[in-house]
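Biologist: Before we go through this model, could you show me how to read its features one at a time, giving the general idea first and then the case at hand?

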Amino acid sequence: MISSDVTDIVVVILCAVGLFFSLTAAVGLLRMPDVYLRIQCSTQLVTLGALPLLVAIVVFAGPISSYGSRALIVAALLLVLAPATSHALGRSAYLTDVPMWPGAVRDEPRD
Amino acid sequence: MDTWFTAVAIAEMAIAAILVVRLARGPSVGDRIVAVNAMCTQCAIVVVLFSVISGRLVSLDVAIWLASFSYLGALVWARYLERGLK
């Protein structure tokens, strides 16, 4: 494992960024008024909350080590699967007539 | 560094505990699926951190499984909500 002061600082910063965005996304999942807006928050939880933490592990262990390579696999899986799942969930919610927030200004598929 | 990773893992579990509220209250099925999916993501990250802390490489395979199959389950649920069991 590579370990120096610079690596430690980078790891700490990446973990802090990931934790901050995970917290904001969880609060968004609680507070948003609508299923569509909550889906958007869950996407943010993956791309800005989970990926910095996994990148922090890659930085900590090195990309060619056995830990870092598998963390990279998890990151790539999340990066590919999260938007696809969000799209499918939003589509199914729209097709099963889940009501929108009354303050929504536009319904593009119906127009 | 292990102490820091332990603290981060505990904080992630606390964030996942916040999402239980949305899982219990969600008015539609979609809300609950989104909450479960987010919790599974958090759990996968905690498993990755745990494997780095404890030095067990086997746990990382659990994390890969958890990440991929939680999203696969959400995709299957979305398809089921749209078209039924066809």
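Modeller: What follows takes the two chains in turn, then the contact between them, and then one helix of chain B. Please keep in mind throughout that this is a predicted model.

Biologist: Let us begin with the overall build; which elements does chain A have, and in what pattern do they run along the sequence?

Modeller: Chain A has 3 helices and 0 strands, and along the sequence its pattern is α-α-α. Its radius of gyration is 18 Å, well over the 13 Å that the globule rule gives for 111 residues, so chain A is more spread out than a compact globule. The box filled by its C-alpha atoms along the principal axes, roughly 55 × 25 × 20 Å, can be read beside that value, and 39% of the 111 residues count as buried.

Biologist: And what are the corresponding values for chain B, beginning with the radius of gyration?

Modeller: Chain B has a radius of gyration of 15 Å, whereas a compact globule of 86 residues would have one near 12 Å. The C-alpha atoms of chain B fill a box of roughly 50 × 25 × 10 Å along the principal axes, and buried residues make up 41% of the 86 residues. Chain B, too, has 3 helices and 0 strands, and its elements run α-α-α from the N terminus on.

Biologist: Turning to the interface, how many residues of each chain are in contact, and which helices of chain A supply them?

Modeller: In chain A, 41 residues are in contact with 36 residues of chain B. On the chain A side, α1 (5–31), α2 (35–61) and α3 (66–95) each supply at least two residues, and the largest share, 18 residues, comes from α3(A). Sorted by class, that side of chain A has 31 nonpolar, 6 polar and 4 charged residues.

Biologist: How should I read the packing of one helix against another across that interface?

Modeller: Two packed helices are described by the angle between their axes and by the distance between those axes. Here α2(A) and α2(B), the latter spanning residues 29–54, pack at an angle of about 5°, with their axes 10 Å apart. Angles under 35 degrees count as roughly parallel, and therefore α2(A) is roughly parallel to α2(B).

Biologist: Which residues meet in that helix pair, and how do they divide by class?

Modeller: From α2(A) the contact includes Val35(A), Ile39(A), Leu45(A), Leu53(A) and Ile57(A), and among the residues of α2(B) that take part are Asp31(B), Val34(B), Ile45(B) and Val52(B). By class, the contact of α2(A) with α2(B) has 14 nonpolar, 4 polar and 2 charged residues.

Biologist: Finally, how do I read the buried residues along a single helix, and which residues of α3(B) are buried?

Modeller: An α-helix has 3.6 residues a turn, so residues three or four places apart point the same way. In α3(B) the buried residues are Leu60(B), Ala63(B), Ala67(B), Ser70(B), Tyr71(B), Ala74(B), Trp77(B), Ala78(B) and Leu81(B), and they pack against α3 of chain A together with α2 of chain B. The helix itself, residues 58–83, has 26 residues and reaches 38 Å from its first C-alpha to its last, close to the 38 Å expected at 1.5 Å a residue. After α3(B) comes Gly84(B), whose phi is positive, near 80°.

Note on methods
Residues numbered from 1 in each chain as written. Chains lettered and ligands numbered in written order. Predicted model: local features only at pLDDT ≥ 70, side-chain atom pairs only at ≥ 80, totals over all residues. Contact = placed C-beta atoms within 7 Å. Helix = DSSP H or I, 4+ residues; strand = E, 2+ residues; numbered from the N terminus. Nonpolar A, V, L, I, M, F, W, Y, C, P; charged D, E, K, R; others polar. Axes fitted to C-alpha atoms, helices over the stretch in contact; angles between N-to-C directions. Parallel < 35°, antiparallel > 145°, perpendicular 65-115°, else oblique. Expected span 1.5 Å × (residues − 1). Buried ≥ 20, exposed ≤ 12 C-beta atoms within 10 Å, placed from the backbone. Rg over C-alpha atoms; globule rule 2.2 N^0.38 Å.
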